[in-house]
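Please look over the sequence and the model below before reading on. The paragraphs that follow start from one side chain and widen step by step to the whole chain.

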Amino acid sequence: MSLRERRPGRAAEDGEDAAGAPAEPGGSDRWLSLLPWDRFSAWLHCVCVVGFDLELGQAVEVIYPPHSKLTDKEKTNICYLSFPDSNSGCLGDTQFCFRFRQSPGRRVSFCCFLDQLDRDLPVYLKKDPAYYYGYVYFRQVRDKSLKRGYFQKSLVLISKLPYVHLFRTMLKQIAPEYFEKSEAFLEAVCSDVDRWPPPIPGKILHLPVMGIIMKLRIPTYRDKPGTMPVVQNMHQADAQISMALPTVHEVDLFRCFCPVFFHIQMLWELVLLGEPLVVMAPSPSESSETVLALVSCISPLKYCSDFRPYFTIHDSEFKEYTTRTQAPPSVILGVTNPFFAKTLQHWPHIIRIGDLKLPGEVPKQVKVKKLKNLKTLDSKPGVYTSYKPYLNKDEEIVKQLQKGVQQKRPTEAQSVILRRYFLELTESFIIPLERYVASLMPLQKCISPWKSPPQLRQFSQDDFMKTLEKAGPQLTSGLKGDWIGLYRHFLKSPNFDGWFRSRQREMTQKLEALHLEALCNENLVFWSQKHTEVETVDLVLKLKNKLLQADREHLPVKTDTLKKLQTHINDIILALPEDLQDILLKTGTT
């Protein structure tokens, strides 16, 4: 059994294109009828320019489109997160990303359409309505004409989408030119984005920006985990394509884990269990890439706690996350300021990394260090923790990656090996849980059209643990160790809670869909003839509610079933007196 997100849907009925993409939600007419900037909003919330003012410090100089809304708190966060800490010494051009909370109480006007697109994404790429991503291109160069002696400015893309590689590639193309041409160029870039097709998962998309066309494919939940359909220039018609992106969201996994690659299995456990983790790095580039690599290592599971690829002392959650009056929260922080070495000394797990360079030699074995040895940000690279892993160390993956370094295997190939290793480890862990949770589903014969859908059976930790003896991870993994202890710890974590809630929601929807199908298979007109008008009207109203629920919750029901139910409703109504017909035909149609 492979671990695939079992999100019910109506893909087969809605139709797919040759690339396996779902039909555009609402059809192409829906997309053509959008208002100006709606297409832009499907990809970006806004573009900001953050500069340095001698009197004000960091300040948002430009927000485009001008009508984009940001609260003062959001602007403050963007200002501080868009510049590296002064100690980073980032001369030249630097790219990194950050993540920050959206201020409560604001609705996104375009969210209904984006939600439709979101449903076809793998769970780990779904948008989090409470957070924005900021993708930064920062330039710092000497300029004697300025009082400060330096030109310092950041071009920042603010988006709900976690498409790190796409926006990094886009910034690399447009930012250098923007710093030369300024505002008119930025307006032209945004106009280009407002002509992009919708970010539909599974389709090959062509995204033009300032004379360059990016060709890419957003993954869908139907994709087999670990596979990546190749996007390449295959036809003569593609001659104008400037670049094909192999991924929209992945980082260079091996490069990120190389400084600590002897501890990758322990780090996988810490992320899986939602343990508080802090990454101390010399610059925002290293901190943000490492945090994103950590979050992705449990894919296709979704990391359900908060994570901040780049976190500063000015962040609005600084006090909340650094207080010593309570245990550190389940969060992964990426930091660069030496101040954090003291502020976060009480955190249980700290990763200290140096400059991320392509490894030219075999990394040396580095032991796990004790937390008391971490005194400053200048401490030696390594993992500082007293955590004892539940599973025995897998020496094979270490040897395989070491051999790759010796043979000068490309870092992309090393990343593929590492990603496959993490995927197999995660699947071996989660499959027994998937199997047990599936057994909580009532049998189909228990579903009666005349009764409410049956409830799912309760999750029992003891019952689940009993299944592990015969159907545990040993069926798919050769790793030894305390798997039982790892499961017990995981069942208390935010990642289990998020995963189980998602599965519970899917299974409940499936029961609702099966109940709806059972109703369709009954002769409802015959039933209505044997009952009173009051009972018949009550049935019609309940059936109409069922149809509304199927549409609202996107139940996994075939289109034919919905049509059949609508026909049943119409036939029942037509058999009633005319005065009731008029009322019932109008009821529940809006």
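**From one histidine outward**

Leaving aside residues up to four places away in sequence, histidine 349 touches Leu270, Glu275, Pro276, Leu277, Val278, Tyr384, Thr385 and Tyr387. The model is a predicted one, and what is said here describes that prediction. Histidine 349 belongs to strand E12, which covers residues 349-352. Is this histidine buried or exposed? Its relative accessible area is 4%, so it counts as buried, the cut-off for that class being under 20%. Among the neighbours just listed, glutamate 275 deserves separate mention, since the side chain of histidine 349 makes a polar contact with the side chain of glutamate 275 at 2.7 Å.

Strand E12 leads directly to the sheet of which it is a part. This is an open sheet of five strands with mixed pairing, and its strands follow the order E10-E11-E9-E12-E13. Why do E10 and E13 each have one side without a neighbour in the sheet? Both strands, E10 and E13 (382-385), stand at the edges and have a single partner strand each, so one side of each is left free of a neighbour in the sheet. From one strand to the next, the twist averages 15°. At the E10 edge, the pairing with strand E11 (residues 331-335) is parallel and runs over three bridges; arginine 308 has leucine 333 in E11 as its bridge partner.

Helices lie across this sheet. Helix H9 lies across E9 (277-280), E11, E12 and E13, and runs at about 50° to E13. Helix H10, in turn, lies across E9, E10, E11 and E12, and runs at about 160° to E11. H9, which spans residues 264-272, is largely enclosed by the rest of the structure, because nine of its nine residues are buried. Those buried residues are Ile264, Gln265, Met266, Leu267, Trp268, Glu269, Leu270, Val271 and Leu272, and Leu270 is also one of the residues touched by histidine 349. Just after H9, glycine 274 takes a positive phi of about 65°.

A second strand pair can be followed elsewhere in the chain. Strand E3 (residues 92-101) is joined by ten bridges to strand E4 (residues 131-142), and the two run antiparallel. Within this pair, cysteine 97 has tyrosine 135 in E4 as its bridge partner. Seven of the ten residues of E3 are buried, so this strand, too, is largely enclosed by the rest of the structure.

Some points of the backbone are also worth inspecting. As background, most residues other than glycine have a negative phi, and most peptide bonds are trans. In this model, a cis peptide bond joins tyrosine 64 and proline 65, with omega at about -5°; proline 65 lies in the loop between strand E2 (57-64) and helix H4 (72-81). The peptide bond from serine 299 to proline 300 is cis as well, with omega near 10°, and proline 300 sits in the loop between helix H10 (284-296) and strand E10 (306-308), two elements already met at the sheet. Positive phi values are found at tryptophan 37, near 75°, in the loop between helix H2 (27-32) and helix H3 (38-43), and at lysine 408, about 55°, in the loop between helix H13 (395-406) and helix H14 (411-438). Lysine 408 has a relative accessibility of 67% and therefore counts as exposed, the class that begins over 50%.

The last step is to the chain as a whole, which has 21 helices and 13 strands. Of its 590 residues, 54% count as buried. In soluble globular proteins, nonpolar side chains tend to be buried together. Here, the largest nonpolar core has 114 residues, and those with the most contacts inside it are Trp43 and Phe257. Helix H14 gives the most to this core, with ten residues. Apart from it lies another core, of 23 residues, among them Leu524, Ile572, Leu580 and Leu584. Of the contacts in the chain with a separation of 6 or more, 74% are between residues 24 or more positions apart. The accessible surface of the chain comes to about 28100 Å², and 52% of that surface belongs to carbon and sulfur atoms.

Notes: Residues numbered from 1 in each chain as written. Predicted model: local features only at pLDDT ≥ 70, side-chain atom pairs only at ≥ 80, totals over all residues. Heavy atoms only, no water. Helix = DSSP H or I, 4+ residues; strand = E, 2+ residues; numbered from the N terminus. Buried < 20%, exposed > 50% of the residue type's maximum accessible area, 1.4 Å probe, protein only. Pairing = 2+ DSSP bridges. Contact = heavy atoms within 4.5 Å. Areas by Shrake-Rupley, 256 points an atom, 1.4 Å probe, with all protein chains shown as cover. Polar contact = N/O pair within 3.5 Å; in protein donor to acceptor, adjacent residues only side chain to side chain. Core = buried A, V, L, I, M, F, W, Y, C linked by side-chain atoms within 4.5 Å. Axes fitted to C-alpha atoms, helices over the stretch in contact; angles between N-to-C directions.
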